[in-house]
Amino acid sequence: TDKYCVIGHPVAHSKSPEIHAAYAAQTGQDIRYERCLAPLDGFAETVQRLVAEGYRGANVTVPFKLEAARLATRLNERARAAGAVNTLVFAHGEIVGDNTDGPGLMADITRNAGVPIRGRRVLLLGAGGAARGALLPFVQEAPREIVIANRTVPTAEALVHDFAQVAGRHGVRLGAAGFDTVDGSFDIVVNATSSSLAGDLPPVPPGIFGPGALALDMMYGNQPTVFMDFAARHGAAVRDGLGMLVEQAAEAFAIWRGVRPDTAQVLRAMRP
Ligand code: ATR
């Protein structure tokens, strides 16, 4: 039995153990996956202990994703671009850092929601860690345009600066805005701010939702977020972050085990 876990603080609420248990059962993989509460000042020690105990890998959640990127002995391109790591692989004395959050989001949009990204207009709300993690995967899908809108506009401008070159290579127009200065309408609007946690709505104009737009909040809970309610009132199809969670887990599972589980089954089972 190969051992894995999710490291966080807090971590009791994490749905990852049940998702990975479902994937293991479905694919016949002999793994154990548990929750691992790390002290706020003890992430590195926790990882070293897991390695010493023979764990094969781990997921990393709040608040350790940035620290995991610093701790990894090797980062792949998407983890480096994200500046954050949610998946660790312990192999051959190395701690390899990857980030499956962005790919999970792309899979949820294109496969689960059935919305193509290529050639479309994308609005990304927020410019923190979650938004940064989504940028390279979005750019690689070659939308026509990505506008990053943030409460603090210079942070959005800094992201545009950091990703200008790769966006250019993929023919993607990249722009920054404030919430109230977002111009035009979009096919895909992703809320990557943490505003939903506080029950706040980013003050964006209702006209941002184009005909048939998809609005996705990276957060999830038992109720729709204020952003989802707002988007639904203005004609968008809405999704929460549960699909992204299930997809990032599938991507991590595939990295560790070399087999890709069927996510649709697990996503259906998790919807209340
Ligand atoms: P995460 O890892 O969740 O992205 P983060 O890096 O702290 O967390 O980034 C939080 C993001 O949510 C930022 O874009 C932040 O905006 P600022 O850059 O202006 O701080 C945004 N955010 C947090 N609370 C918000 C609120 N109540 N309304 C709007 N945006 C908010």
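How many nonpolar, polar and charged residues make up the shell around the ligand? In this predicted model, the shell has five nonpolar, nine polar and two charged residues. The chain that holds this shell contains 10 helices and 12 strands, and 48% of its 272 residues are buried. The points below begin with the ligand, pass to positions annotated in UniProt, and then take up the chain as a whole, its C-terminal part and some details of the backbone.

**Around the ligand**

- There are 16 residues around the ligand, and those that come nearest are G128, G129, A130, R151 and T152.
- Helix 6, which covers residues 129-140, gives the largest share of this shell, with three residues.

**Positions annotated as binding site**

- An unreviewed UniProt entry carries the annotation "binding site" for S14, K15, S16, T61, N86, D101, Y220 and Q248; two of these positions, S16 and Y220, are described in the points that follow.
- S16 is found in helix 1, a helix that covers residues 16-27.
- S16 counts as buried because 22 other C-beta atoms lie within 10 Å, and 20 or more are needed for that class.
- When neighbours within four places in sequence are left aside, the contacts of S16 are V6, N59 and A249.
- S16 and E34 are 18 residues apart along the chain, and their C-alpha atoms are separated by 8.3 Å.
- Y220, by contrast in setting, is placed in the loop between strand 11 (209-217) and helix 8 (226-233).
- Y220 has 19 C-beta neighbours inside 10 Å and therefore counts as partly exposed, since a buried residue needs 20 or more.
- Not counting residues up to four places away in sequence, Y220 touches D240, G241, L242 and L245.

**The chain as a whole**

- The radius of gyration of the chain is 18 Å, which agrees with the value near 19 Å that a compact globule of 272 residues would have.
- Taken along the principal axes, the box filled by the C-alpha atoms of the chain is roughly 55 × 40 × 35 Å.
- Among contacts in the chain with a separation of 6 or more, 64% are accounted for by residues 24 or more positions apart.

**The C-terminal part**

- The feature "domain: SDH C-terminal" is placed by UniProt, in an unreviewed entry, at residues 241-271.
- Over residues 241-271 the chain is 77% helix and 0% strand, while the C-alpha atoms at the two ends are 12 Å apart.
- Helix 9, made of the 16 residues 242-257, reaches 22 Å from its first C-alpha to its last, which is close to the 22 Å expected at 1.5 Å a residue.
- Helix 9 is mostly covered, as 13 of its 16 residues are buried.
- G258, just after helix 9, takes a positive phi of about 75 degrees.

**Cis peptide bonds**

- H9 and P10 are joined by a cis peptide bond with omega of about 5 degrees, and P10 lies in the loop between strand 1 (2-8) and helix 1.
- V62 and P63 are also joined by a cis peptide bond, with omega of about 0 degrees, and P63 lies in the loop between strand 3 (57-60) and helix 3 (65-71).

**Positive phi outside glycine**

- H92 is a residue other than glycine with a positive phi, near 50 degrees, and H92 lies in the loop between strand 5 (87-91) and strand 6 (94-98).
- H92 is exposed because 6 other C-beta atoms lie within 10 Å, and 12 or fewer place a residue in that class.
- A142 is not a glycine either, and has a positive phi of about 55 degrees; A142 is placed in the loop between helix 6 and strand 8 (145-149).
- A142 has 14 other C-beta atoms within 10 Å, so A142 is partly exposed.

**An arginine in helix 4**

- R80 is placed in helix 4, which covers residues 77-82, and R80 is partly exposed, with 16 other C-beta atoms within 10 Å.
- The C-alpha atoms of R80 and R70 are separated by 10.0 Å, the two residues being 10 residues apart along the chain.

Technical notes:
Residues are numbered from 1 along each chain as its sequence is written. This is a predicted model: local features need pLDDT of at least 70, side-chain atom pairs count only at pLDDT 80 or more; totals for chains, interfaces and linings use all residues. A residue is near a molecule or strand if its C-beta atom, placed from the backbone, lies within 6 Å of it. Helices (H or I, at least four residues) and strands (E, at least two) are DSSP runs, numbered from the N terminus. Ala, Val, Leu, Ile, Met, Phe, Trp, Tyr, Cys and Pro count as nonpolar, Asp, Glu, Lys and Arg as charged, and the others, Gly among them, as polar. UniProt positions are given in the numbering used here, feature names are shortened, and annotations may be inferred rather than shown by experiment. Two residues are in contact if their C-beta atoms, placed from the backbone, lie within 7 Å. The radius of gyration is taken over C-alpha atoms; the globule rule is 2.2 Å times the number of residues to the power 0.38. The expected span of a helix is 1.5 Å times one less than its number of residues.
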